[in-house]
Amino acid sequence: MAVNLSAPAANELKLINGIRLSTASAGIKKPGRQDVVLIELAPGSHTAAVYTRNAFCAAPVLIAREHQAQTATRFLLINSGNANAGTGDAGLIDAKACCQAVAEQGDCHAAAVLPFSTGVIGQPLPVEKITSVLPEAFTQLKADNWFAAAHAIMTTDTIAKARSVELSLNGQQITLTGIAKGSGMIRPDMATMLSYIATDAAISPSILQKILEVSMEQSFNSITVDGDTSTNDACILIATGKAGNSVIDDMDSADAHQFIEALNNLSRFLAQAIVRDGEGATKFISIDVQQGTDEDECKQVAYTIAHSPLVKTALFASDPNWGRILAAVGRSGLPNLDLSKIAIYLDDVCIVDGGQPATDYTEEKGQQVMSQSEITIKVKLGRGGVSKTVWTCDFSYDYVKINAEYRT
């Protein structure tokens, strides 16, 4: 059960002029399940992407990078149920074969197709199952299939993750719609599990990549479920240019700032939705590290807390065992850490002040906060003026059960 997260309604997802989508059932892992998504981009669309930095990145990641660098993208092909990762040269051949099959039906070059896969690692991609449903996928391409696509990319997700936002640039309405999947093996590094965001805004390709990377740092690169970076992480931003606005071509312009704010709104929602739907999650945790000398050391402390199994299991148990948080801060590796300047809070309840137990702290106050479904752990380092927030969840019995039984 996702933490305070509702499934999107189909009519809440806005159409993006220049984008059509379809889904199909290839029976990759479960018969009858919609597990293939085809996304068509109108000619003239531009794409930006960030991918996993995992050294064992999946075959589709390698091919998508290669294809994106060669020519304009016309199609995205996504499958769930099989990651096509850890599959060696055969995996590359299989990913290319799927791209070629799309290209033949879409009347484009194979390099104009970007492949994406998510699911079990180390198993051969069932190419024939995927290619056999492509004719159906092409006939079903529609602008209003975002809702179906959000469900088809799911694996251990319990709820689809999708949202639309709108803004006005000089009187011209701009729309953004995005979907994402992810629930476990979540500790993104320049991306998330899988996310696809499209806008009808006209944006110069020279800054589209910069815009995406800026937004990633405020969203997908600020979450963790279990500390594991996936082999298949990818996030794609598509700009079709169909809104009729003046082309955004300057990162410092007012239009660029407005668009980035809207993109941040969307991407933060999707990123936090992944954490709220973390495998077995019962609580949504914000870790707010303040008064650091730079963002990197704030993130270092935040992720040490977020990745501590002892902290995460205490959160699940609603146990105000704040010594685990204190220990995580202490082992975070910051040089010259002055303990006398550190304060730690559960929401607004101070548990550590000046490196010592807060004089007015009581177990009852801590218990009241820890019993909530949403909690903020705040750490004041007393070293500077920089802050950073990371979002995570607890570890429950179900996290172990889901991952112990993942392939069964």
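## Helices H1 and H2

In this predicted model, helix H1 passes helix H2 in a right-handed crossing. The first of these elements, H1, spans residues 59–70 and H2 spans residues 88–106, and the two pack with their axes 8 Å apart at an angle of about 55°. An angle of that kind falls neither under 35 degrees nor within 65 to 115, and H1 and H2 are therefore oblique to each other.

On the H1 side the contact is made by Ala59, Pro60, Leu62, Ile63, Glu66 and His67, which meet Gly91, Leu92, Ala95, Lys96 and Cys99 of H2. Sorted by type, the residues of this contact between H1 and H2 comprise seven nonpolar, two polar and two charged.

## Strand S2 and its partners

Strand S2 covers residues 36–41 and is mostly covered, with six of its six residues buried. Val36, Leu38 and Glu40 point one way from the strand, whereas Val37, Ile39 and Leu41 point the other way, and all of them are buried.

Strand S2 is paired with strand S1 (residues 19–24) through six bridges, and these two strands run antiparallel; within S2, Glu40 is the residue that stands opposite Arg20. Strand S4 (residues 75–82) is also joined to S2, here by five bridges and again in an antiparallel arrangement, with Ile78 of S4 acting as the bridge partner of Val37.

## Helices H6 and H7

Helix H6 (residues 205–217) packs against helix H7 (residues 254–276) at an angle of about 45°, and their axes lie 9 Å apart. The pair H6 and H7 is therefore oblique, and their crossing is right-handed. The residues of H6 that take part are Ile211, Val214 and Ser215, and those of H7 that they meet are Phe259, Ile260, Leu263, Asn264 and Ser267. This contact of H6 with H7 divides into five nonpolar residues, three polar residues and no charged ones.

The buried residues of H6 are Ile207, Leu208, Ile211, Leu212, Ser215 and Met216. An α-helix has 3.6 residues a turn, so residues three or four places apart point the same way. Among the elements that cover the buried residues of H6 are strand S3 (46–51), strand S9 (234–239) and helix H7.

## Leu167 beside helix H7

Phe259, which belongs to the H7 side of the contact with H6, also takes part in a contact with Leu167. Leu167 is found in strand S6, which runs over residues 161–169, and with a relative accessible area of 12% Leu167 is buried. Although Leu167 and Phe259 are 92 residues apart in sequence, their C-alpha atoms are 7.6 Å apart in space.

When residues up to four places away in sequence are not counted, Leu167 touches Gln172, Gln173, Ile174, Leu176, Gln258, Phe259 and Ala262.

## The six-stranded sheet and helix H8

Six strands make up an open sheet with mixed pairing, and their order is S13-S12-S11-S14-S10-S15. The edges are occupied by strand S13 (356–357) and strand S15 (386–393), each of which has a single partner strand, so that one side of each is left without a neighbour in the sheet. Helix H8 (residues 295–306) packs on this sheet, where it touches S10, strand S14 (374–380) and S15, and the direction of H8 makes about 25° with that of S15.

The partner of S15 is strand S10 (residues 284–292), to which S15 is joined by seven bridges, the two running antiparallel. One of the paired positions links Val289 with Lys388, the latter lying in S15.

## Two loop residues with positive phi

Most residues other than glycine have a negative phi, and most peptide bonds are trans. Asn336, although it is not a glycine, has a positive phi of about 55°. The residue Asn336 is found in the loop that lies between helix H10 (323–330) and strand S11 (343–346), and it is exposed, with a relative accessible area of 75%.

Asp347 likewise is not a glycine and has a positive phi of about 55°. The place of Asp347 is in the loop between S11 and strand S12 (349–353), and with a relative accessible area of 22% Asp347 is partly exposed.

Note on methods
Residues are numbered from 1 along each chain as its sequence is written. This is a predicted model: local features need pLDDT of at least 70, side-chain atom pairs count only at pLDDT 80 or more; totals for chains, interfaces and linings use all residues. Side-chain values use heavy atoms; hydrogens and water are left out. Axes are lines fitted to C-alpha atoms, for helices over the stretch in contact, and angles run from 0 to 180 degrees between N-to-C directions. Helices (H or I, at least four residues) and strands (E, at least two) are DSSP runs, numbered from the N terminus. Angles under 35 degrees count as roughly parallel, over 145 as roughly antiparallel, 65 to 115 as roughly perpendicular and the rest as oblique. A crossing is left-handed if the near helix is turned anticlockwise from the far one by less than a right angle, and right-handed if clockwise. Contact means heavy atoms within 4.5 Å. Ala, Val, Leu, Ile, Met, Phe, Trp, Tyr, Cys and Pro count as nonpolar, Asp, Glu, Lys and Arg as charged, and the others, Gly among them, as polar. Two strands pair if DSSP finds at least two bridges between them. Buried means under 20% relative accessible area, exposed over 50%, partly exposed in between (1.4 Å probe, protein chains only).
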